[in-house]
Amino acid sequence: MTSRIKLDVIGDPIDHSKSPLIHEIVLDGLGLDYQYRKVQVAKGGLEDYLADIQAGGICGFNLTMPHKVDIIPYLDFIDEEAQLFNSVNTVRVKSGQLYGYNTDGRGCIRAAEDLGYSFQGKNVVIFGAGGVVSTLALKVALEKAASITVLNRTLSSAQGIADNVFKKTGTKVRILPLDNENMNAAAEACDILINGTPLGMEGIDHNFEDLTFLSRLSGKALVYDLIYNPEETKLLRAAKKLGLNTLNGYGMLIYQGLLADEIFLDRTLDFTLYKGKIENKIKNLKNF
Ligand code: NAP
């Protein structure tokens with residue numbers, strides 16, 4: 001008899017987490033006996049949580065804010081990319097040992113690849129310089145982009161990312177303040193434009209005011225908004241109207257989860273099948 005697979009997602013806040021939806025579709029699809037819990041773990045609470053799970057037979061967990069960096073000292077093994085990103089979103093528990101991984105970068109790239117976009121040799125422009133961009137800028141450098149430009153409201157955060165990417169990969173990142181003039185300039189010759197700010201996200205009052213920069217993009221460019229709620233932001237709507245290719249954040253969200261499941265379950269998954277099933281489920285939910 002196979003034992004029950006016990007998985008968690010931990011964070012604070014955690015109520016809003018979409019993780020169970022993604023993982024349950026895979027675990028149900030494979031016909032496994034499992035539990036997937038949302039567990040609220042406040043900052044500083046990792047030690048207690050880890051003690052609890054060793055006793056409770058948990059075989060893996062996903063992590064969100066504020067634990068992605070704090071977990072690192074507790075790991076017995078850290079995967080090369082997670083170490084480079086200094087961020088862990090997936091932990092496998094095996095024979096009492098903790099193995100840390102980060103699937104966000106690969107998830108982001110994989111979603112773009114579905115549309116036929118590779119980052120290799122591309123001019124990539126990224127808006128924002130927060131947590132997600134600090135990982136993605138490194139991943140885009142690893143993918144050997146021709147150039148990376150990061151525009152952010154607070155230039156010192158963009159500088160921090162540029163310094164980190166250069167230190168770890170030797171790739172230079174151009175940084176600019178996030179204003180209309182620079183957005184227009186950066187859009188010229190840009191192949192992939194990523195929005196890594198919450199501008200346009202549900203529940204956020206701020207949005208892009210001037211989208212002129214979209215008309216500076218070449219017709220082949222991809223406009224990639226990491227936001228998935230709403231499904232189509234003002235940015236993506238305007239880009240579509242101009243005939244540009246667009247991508248929202250669902251693919252990244254789904255792929256980082258599927259990649260985590262491969263780690264938890266030690267098996268390869270049919271990504272096309274499960275991505276389709278998850279997308280269908282999301283479409284049928286009113287408040288995803
Ligand atoms: P974060 O760490 O809070 O960083 C937010 C970034 O956006 C900062 O660079 C911030 O600039 C900028 N920003 C915030 N409000 C702004 C405004 N009004 N005007 C201009 N810039 C503003 O957030 P994060 O974790 O990196 O997440 C960023 C976005 O990515 C969110 O929308 C999130 O939904 C999305 N995301 C998607 C996925 C996915 O799987 N699809 C995964 C993670 C994140 P300052 O430095 O000036 O404050």
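Start by selecting β1, helix α1 (residues 19–29) and β2: together they make a right-handed β-α-β unit. Helices here are DSSP runs of H or I with at least four residues, strands are runs of E with at least two, and both are numbered from the N terminus. Right-handed means that, with the strands pointing away from you, the path from the first strand over the helix to the second runs clockwise.

Before you go on, a word about what is on screen: this is a predicted model, where local features need pLDDT of at least 70 and side-chain atom pairs count only at pLDDT 80 or more, while totals for chains, interfaces and linings use all residues. Residues are numbered from 1 along each chain as its sequence is written, and side-chain values use heavy atoms, with hydrogens and water left out.

**Stop one: the mixed sheet**

Keep β1 (residues 5–11) and β2 (residues 34–40) selected; they run parallel and share seven bridges. Two strands count as paired if DSSP finds at least two bridges between them. Click K6 and look across to β2, where its bridge partner is Q35.

Now widen the selection to the whole open sheet, six strands in the order β2-β1-β3-β5-β6-β4 with mixed pairing. At its edges are β2 and β4 (77–78), each of which pairs on one side only. For an antiparallel pair, pick β5 (residues 90–94) and β6 (residues 97–101), joined by five bridges. T90 stands opposite Y101 of β6 there.

Next, bring the helices back. α1 packs on this sheet and touches β1, β2 and β3 (60–63), with its direction at about 170° to that of β2. Contact here means heavy atoms within 4.5 Å. Angles run from 0 to 180 degrees between N-to-C directions, using lines fitted to C-alpha atoms, for helices over the stretch in contact. Helix α2 (residues 46–56) also packs on the sheet, touching β1, β2, β3, β5 and β6, and its direction makes about 175° with that of β1.

**Stop two: some backbone oddities**

Zoom in on the loop between β1 and α1, where you'll find P13. The peptide bond leading to P13 from D12 is cis, with omega near 5°. Then hop to P66, in the loop between β3 and β4; the M65 to P66 bond is cis too, with omega near 0°. Finally, try K144 in the loop between α5 and β8: its phi is near 65°, positive although K144 is not a glycine.

**Stop three: the parallel sheet**

Select the other open sheet, β9-β8-β7-β10-β11-β12, whose six strands pair in parallel. β9 (173–177) and β12 (245–247) each have a single partner strand, so one side of each lacks a neighbour in the sheet. On average, neighbouring strands here are turned by 20° against each other, direction ignored.

Four bridges link β10 (residues 192–195) and β11 (residues 222–225); click I194 and its bridge partner in β11 is Y224. Helix α6 (residues 155–169) lies across β8 (147–152) and β9, at about 180° to β9.

**Last stop: the ligand**

Which residues are closest to the ligand? Of the 22 that surround it (a heavy atom within 4 Å), they are A129, G131, V132, N152 and T154. α5 (131–142) and α9 (250–265) each supply at least two residues of this shell.

Try the distance tool on the ligand's oxygen atoms. One is 2.8 Å from an N or O atom in the side chain of N152, and a backbone N or O atom of G130 lies 3.4 Å from a ligand oxygen.

Terms used:
A polar contact is a pair of N or O atoms within 3.5 Å; within protein, one must be able to donate a hydrogen and the other to accept it, and residues adjacent in sequence count only if both atoms are side-chain atoms.
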